[in-house]
Amino acid sequence: MNYSDLTRRYFETARAAGVLSGNRVGRGAAGSRRGGTWVQFDIELEPAPYPERRIAAARFLAFACPHTIAVAAWVAERAVGEVCAAGLPESVHAISRRFEVPAEKLGRLLIVEDAWAAAVAAAKLRVTM
Amino acid sequence: MNGPVYLDYAATTPVDAAVAATMAQCLTIDGAFGNPGSNGHDHGARAHALVEAARAQVAAAVGAVPAELIFTSGATEANNLAIFGVANYYRAQGRHIVTSRTEHKAVLDPYRELERRGWRVSYLVPERSGVVEPAQVLRALEPDTVLVSLMHVNNEIGVIQDIEAVAKICARHGGVRLHVDAAQSVGKCRVDFAALGADLMSVSAHKAYGPKGVGALLVSARRGVQLEPLQFGGGQERGLRSGTLATHQVAGMGAAFALVTADSARFEAERQRIAALQNRLFRGIEAVGEVLRNGDPARCVPQLLNLSFEGVEGESLLAAVRPHLAVSTGSACGSASNEASYVLRALGRDERLAESSLRFSLGRYTTEAEIDRAIDAVTAAVRRLRAIGGA
């Protein structure tokens, strides 16, 4: 399979790969290794009043194809400094076009979206507790 | 060479320079460009002589006699001619066929087509080692079995099947015809068509430093097997494969087969060199941990090494090593479906492990330095992907 330059770049660098810890970190995951795609995000929120809380740091882990790893890496990298929101920065279709993800793999991007939403929910829960 | 290390010799090999030179002599105005079927003039006679010389070279390389050899466009066509040719000729005797689940698609797909046309096909499941036990073949034979097909050397894991034992079983069972796909065999192990006892055997040029686009089907003269042709025209190749022979391809195949088998001492020395490199590759990669070897090493040709990696997604593994290595994956990753290798699945590997497998195939030009680069590339990729995957 051939990959776009953007996909290759984020797959090969994946600077946001890893995990976070601390009492302002929320963790969410979706998919399964057995199913071939599993994604996890850790989101750390800045200590500011809700609902304007912004993302201080984000990390991801992924057992997934290069497209999925690249998209997860991109989501985690560009989230820093943004207001914490359940949705991805762009729609799944827009992201698939940006990374030239084959239509057959759109379901994997939905797993990224689900993992992100779960992490956001967990992070917000942590700061409101 | 600074590009990716080529470890995909089981997919295809580069044409040997001497073979290419032989082929070039058949193309231009001052060469043997004539139609080998045009025996009424010197140009045709010259090409015909080269074709017959190549026929003798190929036959000698695989333990056959020249009259048993039918040139084709490759092993796929040879397999199709053997399978449909036998099935059609003997259809009044029976419509049952035996093969294994780990055959190449060029065998399995013709059988799927025969099933659509009303034949019954028994697909044997090999042991975890990749070996089809001859007793499995015996148990699968039925009164109306007309053909058994088994590959000699498996293209994914390199396991060598015990064709001689299967041939004896077929002979005892009323002379059921035995077809052997030996596309991977020439140059990797000794191939002796007569000693194997098969009725039909497919071979390919481009796996043995010959050109793509040419192969052959061997049809045993001693056992008197009959075929119905699949294509009709000029009646070339004893009427079994009509069409003008490509002299340059055929001459190239003859030269390539002669080169890989002519010198027994050199063949054995090369086999040992490759075995040492394969062992170095396996030991080096194994150190990364949780690496599983596919196929029984005691039954495999040294040129192939198939490994599964725990905790790594298959497509990402191939993408990660791609800048450094030309290898095949355990999954059909040319498609987005990322379908796991049916060969590894048949051996009992689960879907994820079958996908996260790499086939390394070594060849004549593989060096120790390349093996070390391959070890470094695979080790780095597996460690990185396991870290990203949280393993």
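## Close-up views of chains A and B

**Figure 1. Chain B as a whole.** Of the 391 residues of chain B, 51% are counted as buried. The model shown here and in the other views is predicted. Chain B contains 13 helices and 15 strands. Measured out along its principal axes, its C-alpha trace spans about 70 × 55 × 40 Å. A compact globule with 391 residues would have a radius of gyration near 21 Å, and the 22 Å of chain B agrees with this. Among contacts in chain B with a separation of 6 or more, 72% are between residues 24 or more positions apart.

**Figure 2. The two domains of chain B.** Domain 1 of chain B covers residues 17-261, and domain 2 covers residues 264-388. Their centres, taken over C-alpha atoms, are separated by 28 Å. Where the domains meet, 19 residues of domain 1 of chain B are in contact with 18 residues of domain 2 of chain B. The side of domain 1 that touches domain 2 is made up of nine nonpolar, six polar and four charged residues.

**Figure 3. Helix H9 of chain B and what covers it.** Helix H9 of chain B takes in residues 264-286. For its 23 residues, a rise of 1.5 Å a residue gives an expected span of 33 Å; the end C-alpha atoms lie 32 Å apart, which agrees. The buried residues in H9(B) are Ile274(B), Leu277(B), Gln278(B), Leu281(B) and Ile285(B). An α-helix has 3.6 residues a turn, so residues three or four places apart point the same way. The cover over the buried residues of H9(B) includes three strands of chain B, namely E9 (291-294), E10 (304-309) and E15 (357-361). Helix H13 (368-388) of chain B is also part of this cover.

**Figure 4. The loop around Arg238 of chain B.** Arg238(B) sits in the loop between strand E8 (215-219) and helix H8 (247-261) of chain B. Its phi is near 60°, a positive value in a residue other than glycine. Arg238(B) counts as exposed because it has 12 C-beta neighbours inside 10 Å, and the cut-off for an exposed residue is 12 or fewer.

**Figure 5. Chain A as a whole.** Chain A has four helices and three strands, and from the N terminus on these run α-β-β-β-α-α-α. Of its 129 residues, 45% count as buried. Taken along the principal axes, the C-alpha atoms of chain A fill a box of roughly 45 × 30 × 25 Å. The radius of gyration of chain A is 14 Å, which agrees with the value near 14 Å for a compact globule with 129 residues. Of the contacts in chain A between residues at least 6 apart in sequence, 67% join residues at least 24 apart.

**Figure 6. The two sides of helix H1 of chain A.** Within helix H1 (residues 5-13) of chain A, the buried residues are Thr7(A), Tyr10(A) and Phe11(A). These residues cover an arc of only 100° around the axis, which puts them on the same side of H1(A). Asp5(A) and Thr13(A) are exposed on the other side of H1(A). The buried residues of H1(A) pack against H2 and helix H3 (92-99) of chain A, and also against helix H10 (314-321) of chain B. Just after H1(A) comes Ala14(A), with a positive phi of about 45°.

**Figure 7. The loop around Glu100 of chain A.** Glu100(A) belongs to the loop between H3 and helix H4 (106-128) of chain A. Although Glu100(A) is not a glycine, its phi is positive, at about 55°. Glu100(A) has 13 C-beta neighbours inside 10 Å and therefore counts as partly exposed.

**Figure 8. The contact between chains A and B.** Chain A brings 19 residues to the contact, and chain B brings 14 residues. On the side of chain A that touches chain B, the elements that give two or more residues are strand E3 (55-63) and helix H2 (66-79) of chain A. E3(A) gives the most to this side, with three residues. By class, the side of chain A that touches chain B has 13 nonpolar, two polar and four charged residues.

Definitions and conventions:
Residues are numbered from 1 along each chain as its sequence is written. Chains are lettered from A and ligands numbered from 1 in the order in which they are written. This is a predicted model: local features need pLDDT of at least 70, side-chain atom pairs count only at pLDDT 80 or more; totals for chains, interfaces and linings use all residues. Two residues are in contact if their C-beta atoms, placed from the backbone, lie within 7 Å. Ala, Val, Leu, Ile, Met, Phe, Trp, Tyr, Cys and Pro count as nonpolar, Asp, Glu, Lys and Arg as charged, and the others, Gly among them, as polar. Domain bounds come from an automatic or database domain assignment. The expected span of a helix is 1.5 Å times one less than its number of residues. A residue is buried if 20 or more other C-beta atoms lie within 10 Å of its own, exposed if 12 or fewer, and partly exposed in between; C-beta atoms are placed from the backbone. The radius of gyration is taken over C-alpha atoms; the globule rule is 2.2 Å times the number of residues to the power 0.38. The arc is that of the directions from the helix axis to the C-beta atoms.
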